[in-house]
Amino acid sequence: MGNLLKHENYDLAMDFLRFLPSTSWPTYLKARLYLARGEYTLAATYFKQAASGLATGRHMNMESIDTSNLLNPSERANFNDGLSRYYQHILSVFDGLKAHSHVADFAKLALHALESGAEEVNDHSFADLD
């Protein structure tokens, strides 16, 4: 699925959706597909569903999961490092598309995650946006 997204083969990726498991990384890939198709609200829903597993799954090696290299190294650094870092990544993706309402939504989620103290964040600076 990641290769289909990377090579912008969105029609085939849509056909492939039904074969994806409901785990965090495939859910993230669904979100990226809907994002590429301009369906931002649906993408946001899937990004939120993937958040828990991708933000706190320290046992996951993103390099082995992202076999298509859809994410660059600086984007990968935002995974497995707490909800705030994951949400920062998502808001930067929406920011690149000028989807400002979704940027605001994910910025609010990132700040809430920091304020709640419900996560261990290695880098406490919120200014480290991509």
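The exercises below work through a predicted model of one protein chain.

**Exercise 1. The chain as a whole**

Task: State how many helices and strands the protein chain has, and give the share of buried residues.

Solution.
- Step 1. Eight helices and zero strands are found in the protein chain.
- Step 2. Read from the N terminus, the order of elements is α-α-α-α-α-α-α-α.
- Step 3. The chain has 130 residues, and 46% of them are buried.
- Step 4. Take the contacts between residues at least 6 apart in sequence: 56% of these join residues at least 24 apart.

**Exercise 2. Confidence in the model**

Task: Find the mean pLDDT of the protein chain, and say where pLDDT stays under 50.

Solution.
- Step 1. The mean pLDDT of the chain is 88.
- Step 2. A pLDDT of 70 or more is reached by 88% of the residues.
- Step 3. Over residues 120–130, pLDDT stays under 50.
- Step 4. For residues 120–130 the model has 20 contacts beyond four places in sequence.

**Exercise 3. Arg85 and Leu114**

Task: Decide whether Arg85 is buried or exposed, and find which side chain it joins in a polar contact.

Solution.
- Step 1. Arg85 belongs to helix H7, which covers residues 83–96.
- Step 2. The relative accessibility of Arg85 is 10%. Buried means under 20%, so Arg85 counts as buried.
- Step 3. The side chain of Arg85 makes a polar contact of 2.9 Å with the side chain of Asn78.
- Step 4. Leu114 is part of helix H8. Its C-alpha atom is separated from that of Arg85 by 9.3 Å, with the two positions 29 residues apart along the chain as the sequence separation.
- Step 5. Leu114 has a relative accessible area of 28%. This value lies between the limits of 20% and 50%, so Leu114 is partly exposed.

**Exercise 4. Two residues of helix H8**

Task: For Val103 and His102, name the residues that each touches, not counting residues up to four places away in sequence.

Solution.
- Step 1. Val103 is placed in helix H8, residues 100–116, and His102 lies in helix H8 as well.
- Step 2. Val103 has a relative accessible area of 15% and is buried. His102, with 11%, is buried too.
- Step 3. With residues up to four places away left out, Val103 touches Leu91, Phe94 and Asp95.
- Step 4. Under that condition His102 touches Tyr40, Thr41, Ala44 and Phe94. Phe94 therefore appears in both lists, given that contact means heavy atoms within 4.5 Å.
- Step 5. From C-alpha to C-alpha, Val103 and Ser92 are 7.2 Å apart in space, and they are 11 residues apart in sequence.

**Exercise 5. The largest pocket**

Task: Give the volume of the largest pocket and describe its lining by residue class.

Solution.
- Step 1. The volume of the largest pocket is about 160 Å³.
- Step 2. Its lining consists of Leu5, Tyr10, Arg32, Leu35, Ala36, Leu70, Glu75, Val93 and Leu97.
- Step 3. Sorted by class, the lining holds seven nonpolar, no polar and two charged residues.
- Step 4. Helix H3, residues 24–36, gives the most to this lining, with three residues.

**Exercise 6. Positive phi in two loops**

Task: Say where Glu8 and Asn69 are found, and how exposed each one is.

Solution.
- Step 1. Most residues other than glycine have a negative phi.
- Step 2. Glu8 is not a glycine, yet its phi is positive, at about 55°. Asn69 is not a glycine either, and its phi is also positive, at about 55°.
- Step 3. Glu8 sits in the loop between helix H1 (2–6) and helix H2 (10–16). Asn69 sits in the loop between helix H5 (62–65) and helix H6 (73–76).
- Step 4. Glu8 has 57% relative accessibility, so it counts as exposed. Asn69, with a relative accessible area of 45%, is partly exposed.

**Exercise 7. Ser74**

Task: Place Ser74 in its helix, and find how far its C-alpha atom is from that of His89.

Solution.
- Step 1. Ser74 is in helix H6.
- Step 2. At 38% relative accessibility, Ser74 is partly exposed.
- Step 3. The C-alpha atoms of Ser74 and His89 are separated by 9.4 Å, and the two residues are 15 residues apart along the chain.

Note on methods
Residues numbered from 1 in each chain as written. Predicted model: local features only at pLDDT ≥ 70, side-chain atom pairs only at ≥ 80, totals over all residues. Heavy atoms only, no water. Helix = DSSP H or I, 4+ residues; strand = E, 2+ residues; numbered from the N terminus. Buried < 20%, exposed > 50% of the residue type's maximum accessible area, 1.4 Å probe, protein only. Polar contact = N/O pair within 3.5 Å; in protein donor to acceptor, adjacent residues only side chain to side chain. 1 Å grid on protein atoms, 1.4 Å probe; cavity = no way out; pocket = protein on both sides within 12 Å on 5 of 7 lines; lining within 4 Å. Points joined across faces, edges and corners; volume = space filled by probe spheres on them. Nonpolar A, V, L, I, M, F, W, Y, C, P; charged D, E, K, R; others polar. pLDDT = per-residue confidence, 0-100.
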